[in-house]
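Grab a pencil and open the viewer. Here are a few exercises, each with a worked solution to check yourself against.

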Amino acid sequence: MSSAEDFDLAVEIEATVRALPGVTGVFQAGLTMTRVVEVGARLLGLRDGAATLVVLERESDAVRVSVAIGVDSSAGAVDTARRTHAAVEAVLRARADTVAGIQVTVVHIEETAPARPSLPEPAPPSTGLPGEVLPGGILSEPV
């Protein structure tokens with residue numbers, strides 16, 4: 001496959017992963033050293049400036065994919081990672097690529113804020129007059 005086809009594949013995988021339930025974001029995948037080599041290759045003109053957050057590595061006739069995701073805590077990190085792995089594998093199989101490996105790394109878990117209880121309406125200010133209805137439906141007694 002050409003580098004343009006690999007770029008298109010990485011873009012497709014990134015879009016597929018972003019659309020999964022429970023995924024809150026896609027982050028730069030790969031080891032720091034891999035990213036340093038990638039930046040160096042771009043600076044030397046060996047690779048174009050286009051980049052995705054998904055890392056693809058060709059190993060003869062197979063492809064290895066690394067993707068880093070953020071997950072919603074209510075969806076569960078393990079379940080979301082498994083769904084992500086399955087989705088990436090489906091994209092690769094649909095393109096008839098042999099899978100050398102798929103690495104899914106959860107790099108961020110976003111806490112879902114619990115629903116806030118509704119606060120009661122504030123009571124209107126009291127006039128202090130006898131017979132006034134107080135909060136809770138109680139009548140004030142004459143003085």
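**Exercise 1.** Find which residue of β3 Leu56 stands opposite, and work out how β2 and β3 are joined.

Solution. Start at Leu56: its partner across the way is Val65 in β3. Now zoom out to the two strands in this predicted model. β2 covers residues 55-59 and β3 covers residues 62-72; they run antiparallel, with five bridges joining them. Last, look at the turn. The hairpin has two residues between the strands, and Ser60 takes a positive phi there, near 50°.

**Exercise 2.** Describe how α1 packs against α3.

Solution. First get the geometry. α1 (residues 3-18) and α3 (residues 77-94) pack at about 145°, and their axes are 10 Å apart. The crossing is right-handed. Next, list who meets whom: on the α1 side you have Leu9, Glu12, Ile13, Thr16 and Val17, and on the α3 side Thr84, Ala87, Val88, Val91 and Leu92. Then sort those contact residues by character, which gives seven nonpolar, two polar and one charged.

**Exercise 3.** Name the residues that touch the most other members of the largest nonpolar core, and trace which elements feed that core.

Solution. The core has 18 residues, and the best-connected ones are Ile13, Val17, Val65, Val88 and Leu92. As for where the members come from, α1, β1 (23-27), β3 and α3 each chip in at least two residues. β3 gives the most, with five. To see one member up close, pick Ile13: leaving out residues up to four places away in sequence, it touches Val54, Leu56, Val65, Val88, Val91 and Leu92. For background, nonpolar side chains in soluble globular proteins tend to be buried together.

**Exercise 4.** Decide whether Thr98 is buried, partly exposed or exposed, and find its contacts.

Solution. Locate Thr98 first: it sits in strand β4 (residues 98-110). Its relative accessibility is 41%, and because the partly exposed class lies between 20% and 50%, Thr98 counts as partly exposed. Now for its neighbours. Not counting residues up to four places away in sequence, Thr98 touches Asp61, Ala62 and Val63. Check Glu59 too: Thr98 and Glu59 are 39 residues apart in sequence, yet 9.7 Å apart in space, C-alpha to C-alpha.

**Exercise 5.** Sketch the order of elements along the chain and say how much of the chain is buried.

Solution. Count the pieces: three helices and six strands. From the N terminus, write them as α-β-α-β-β-α-β-β-β. Of the 143 residues, 26% count as buried.

Note on methods
Residues are numbered from 1 along each chain as its sequence is written. This is a predicted model: local features need pLDDT of at least 70, side-chain atom pairs count only at pLDDT 80 or more; totals for chains, interfaces and linings use all residues. Side-chain values use heavy atoms; hydrogens and water are left out. Axes are lines fitted to C-alpha atoms, for helices over the stretch in contact, and angles run from 0 to 180 degrees between N-to-C directions. Helices (H or I, at least four residues) and strands (E, at least two) are DSSP runs, numbered from the N terminus. A crossing is left-handed if the near helix is turned anticlockwise from the far one by less than a right angle, and right-handed if clockwise. Contact means heavy atoms within 4.5 Å. Ala, Val, Leu, Ile, Met, Phe, Trp, Tyr, Cys and Pro count as nonpolar, Asp, Glu, Lys and Arg as charged, and the others, Gly among them, as polar. Two strands pair if DSSP finds at least two bridges between them. A nonpolar core is a set of buried Ala, Val, Leu, Ile, Met, Phe, Trp, Tyr and Cys residues joined through side-chain atoms within 4.5 Å. Buried means under 20% relative accessible area, exposed over 50%, partly exposed in between (1.4 Å probe, protein chains only).
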